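This report looks at a single structure through its aromatic pairs, one of its sheets and its cysteines. Please keep the sequence and the model at hand while reading.

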Amino acid sequence: MTTTTTPLTERAPLAVGQVGQGRTGHYVRIDGFHLKTLCGRVNDRVLNDRDAAKLTKRCVRCTTLAEELATELAAAKAAEQTPAVEAPAVEDVATVEAPAAVEETPACAPAVHRFTSTEEAYDATQCSDDIRDGDILVIESERVVGFLRAAWPAAITVEHGELHTFTAPAHEIDGGQYATSAAHAEQLAAELGFAVNELHAAPAVDVTAPAFAPFKSPARFSAKVTTRLAFGGHREDRFTVSPADEGAPALDVTLAHDASRSARDILEALGWELVEALEYAQGLGLVRGHVKPCEPTDTPDGEELRAAVQREITGRVTGLADHVGACHFIAVMPEEGGFPIGWTYATTGYETARYGWVTAQGRGMNRVGVPTRKEAETIVRDWHAAGADAPTHTGLVDALAELPAAELHKAAAALHAEDEPMTAETPRCVHGFNELPGDLTAPAAACAAKPSAVSVGVFSDEGCVDFADCAVEASLIAARLNDEDEAAREAAAGEPLYRWAVLCGDHAEQPAIGCEECATDEDAEDAEEGADELEDTEQDEQAPAMPATYAEGDRVLCGDGLARTVTYTETKDGKVWIYTTDRSAWPRTSSERIDTSGVPAARAAAERAAAALHASAPAPDPAALAELGDALRYLRQADPAAHAELIDGAERMPVRIPRADVAPGDILHDQGRHDVLDVCTLERDGEDARWYAKILGATKEVRAYTGRKPWETALRLDLARTNEVTVERPLPGVAPMPAPFTAGDTVVCADGVARTVREMAPAVGAEPARVVVEDGTEWVAEDCLRANRDDIQEARAVSARAAARVRQGDSSTPEWKAALAELGAALDLLKAADPVTRAALVEDEAHAAARTIHADAHDFQPVARPGGEVVGWSFRTGYGHRARYGVVTVAAQIAPVGLFEYRTTAERAFLYAPTGDVTV
């Protein structure tokens, strides 16, 4: 067996991340936006190779999952490189490919629409977007009930008015896809006392849709994926799919949290496809999105996941069968990873708990229970290793296996409620987790009060043993350790052995209250302050009480390394204090006046360096880059107004520089784009010098997860000098390059489709300029052509001149070939952006496409939107009473609206169809 030495970050799309101030490296995926590490922790920063090498330890769980991911990717790559067996070519066979018919199965509970006349009902089905395929139509005034079959409203009652009638049993047409609609219509007719045509007498239809069974439906469903914290810090993912009208859930299952499985894959395995990307709705523990039914993924992974759901429900029901009060289920995971091999649970109340167990195959425990959860977990692993964990309640397991999916999920929903009473009336933290009942330490309140960058530790007499980002999570971990540790149980009568505390923001693995290192620092600071006061007293005896060097409006560099503006000074107890515009006060001895006489020279230096940088692009001149940074830092301290005026609207140049060289006015790329408001370097006796920056998200999207107020980022100065970052540095005085396109422009993208420009994408290094269009996609600006009204008129003139030269010239000359190329380029632009030209160029092609499907298609007439844009042609097929009308689009495709008795009806159905159903 060959062991690879290639780093995991090179074998899979991974990077090394850091959680809080931890000294253990975690792996985080970089093939998209991922907030969490593979083991489920919130990742604070992605490290470069140099910083990652300093963290010698790696998270065991992350490493295991990363190895699995790398192995899967290597296997997939090997499978793609396996040569496929080519089928023998078949020659001289002419085939005509007809587009597949667009079919939609009506919803299992179709909507009911009521009208005053059949004529009104008929017109509404042709024009209204609210009436969908399979919906029920009721016209009580004419004793008519029917439903919409594709584009044809038809009645199942004896009376039909202006509606069509069926020539076959309604529940059998189109392969039985309208059986549910027919059954509902027949039931409504019977309730209203209307006579039903004998042709449509149908057997009863079960309209309950199994949650795992695929079915098509125009109804909207919302999906909710909740990552919840169960008892003892155990994480679970709960997947719920409900109709948009808040009806009974169509899916409600819980799985043990596994960062290696995406929510999309799990939903698709259970028969639900995402219509839009899931979005965070409440912190990091809840995401929402819309889904639609689909075929469950027919893969081994999908089958295994569905079997895991079945085992999860079976295991919990078995636990409840053994103990009615079973609660706080925690999954027992195999060492090699994967799905749970069993569960442990509490059988009695929290204070006097005993613990039960059940294996994934349904093997249950005795009725007494064991003293600790650890013992219950060991029993599960022993049964699993022995392979003899046959179900204890065979009849119960068999009955659950035979239940329809919908009924099984009702049982699942009831099971989910078992743990809810524990958390229903307890405080909930900002992360969405509930405290344990009777917890007097108030972790939820601490969670809301602590800064987001500060972690919470779990402590014993030996120090910090674990930590989390959430105080409630830390309290649950402490409760689990107190429950499982024998020494902790013996000490339960007094103070618990394991307890939680918010960590100190300056010293790792120390509690904020009672931090030993902070206490040492305070003693040193008190001694230093006493010496400073003595020195100040000696100096003040010789100096005037109001030194003239500090006047209103002066700029001073304060003790925290930031510059401020003086409002006034005051002497208290022989000590001079400087008050600033931000209402803070600083001792004179720790402040330094800033010389503002160099502002004009700094402005000139900044503009000179910016011009040199602009001339040296794309490789920036290091000397000019350093000079510009120094000028920006000085101006921010000496004259903030001049600094703001200088960088306002300036052209920006992306550069890679050490973090310590970041200057105010830069836009820092660090998990998003951030405006750098101020920077400083602070040195204290006995501590390493640190680099600080005050930043704020540059866009609304970044501020949505970093906060709306400025915040500080810091790093040890020696590390900041080696840690390279990307910044967008302003170039004062350099005229900004005109953007290739502006918002509202029409452009023809590289795929030949005309789109509207939203904005130009931010520049990234030496990459080409990119344009963002209406649908949010980005295109290389060089590959796009402007197609505004003036450009289209110019292209028409160019095409006319080029066509004249082509018609009159000699095809063997270079001039003729150049004219032909010019004509082709102009026509490509016009075909994509000019509806008049597009219609003229594709009309013959569209007619031919219509005759491919309907051989006798004739009498073509243009169909135009308001404003005159031709988007297709209506045509007639058949003659006399058999005549029907359809539409072919400018894309040479038959519009999927069907054939109609009248041309105007076909045209209206085409023009008012949902844009996703018709290609124009």
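## Aromatic pairs

Phe147 and Tyr178 are both buried, the term meaning under 20% relative accessible area, with exposed meaning over 50% and partly exposed lying in between (1.4 Å probe, protein chains only). The model is a predicted one, in which local features need pLDDT of at least 70 and side-chain atom pairs count only at pLDDT 80 or more, while totals for chains, interfaces and linings use all residues. Residues are numbered from 1 along each chain as its sequence is written, and side-chain values use heavy atoms, with hydrogens and water left out.

The structure holds 5 aromatic pairs, where rings of Phe, Tyr and Trp (its six-membered ring) pair if their centres lie within 6.5 Å, and planes under 30 degrees apart count as stacked, over 60 as edge-to-face and the rest as tilted. One of them joins Phe147 and Tyr178, stacked at 5.7 Å centre to centre with 20 degrees between the planes. Because Phe147 belongs to strand β7 (residues 144-149) and Tyr178 to the loop between α5 (173-176) and α6 (179-192), this pair ties together parts that are 31 residues apart in sequence; helices (H or I, at least four residues) and strands (E, at least two) are DSSP runs, numbered from the N terminus. Tyr568 and Tyr579 also form a stacked pair, with ring centres 4.7 Å apart and planes at 10 degrees. Here Tyr568 is partly exposed at 44% relative accessibility, whereas Tyr579 is buried at 15%.

## A three-stranded sheet

An open sheet of 3 strands follows the order β16-β17-β18 with antiparallel pairing, two strands being paired if DSSP finds at least two bridges between them. Since β16 (327-332) and β18 (355-359) stand at the edges with a single partner strand each, one side of each is left without a neighbour in the sheet. From one strand to the next, the twist averages 25 degrees, with axes taken as lines fitted to C-alpha atoms, for helices over the stretch in contact, and angles running from 0 to 180 degrees between N-to-C directions.

Helix α8 (residues 300-322) packs on this sheet and touches β16, β17 and β18, its direction making about 35 degrees with that of β17; contact means heavy atoms within 4.5 Å. Helix α9 (residues 373-386) likewise packs on the sheet, and its direction makes about 20 degrees with that of β18.

## Cysteines

The structure holds 0 disulfides, a disulfide being a pair of cysteine sulfur atoms within 2.5 Å. For Cys59, the nearest cysteine sulfur is that of Cys62, 3.8 Å away.
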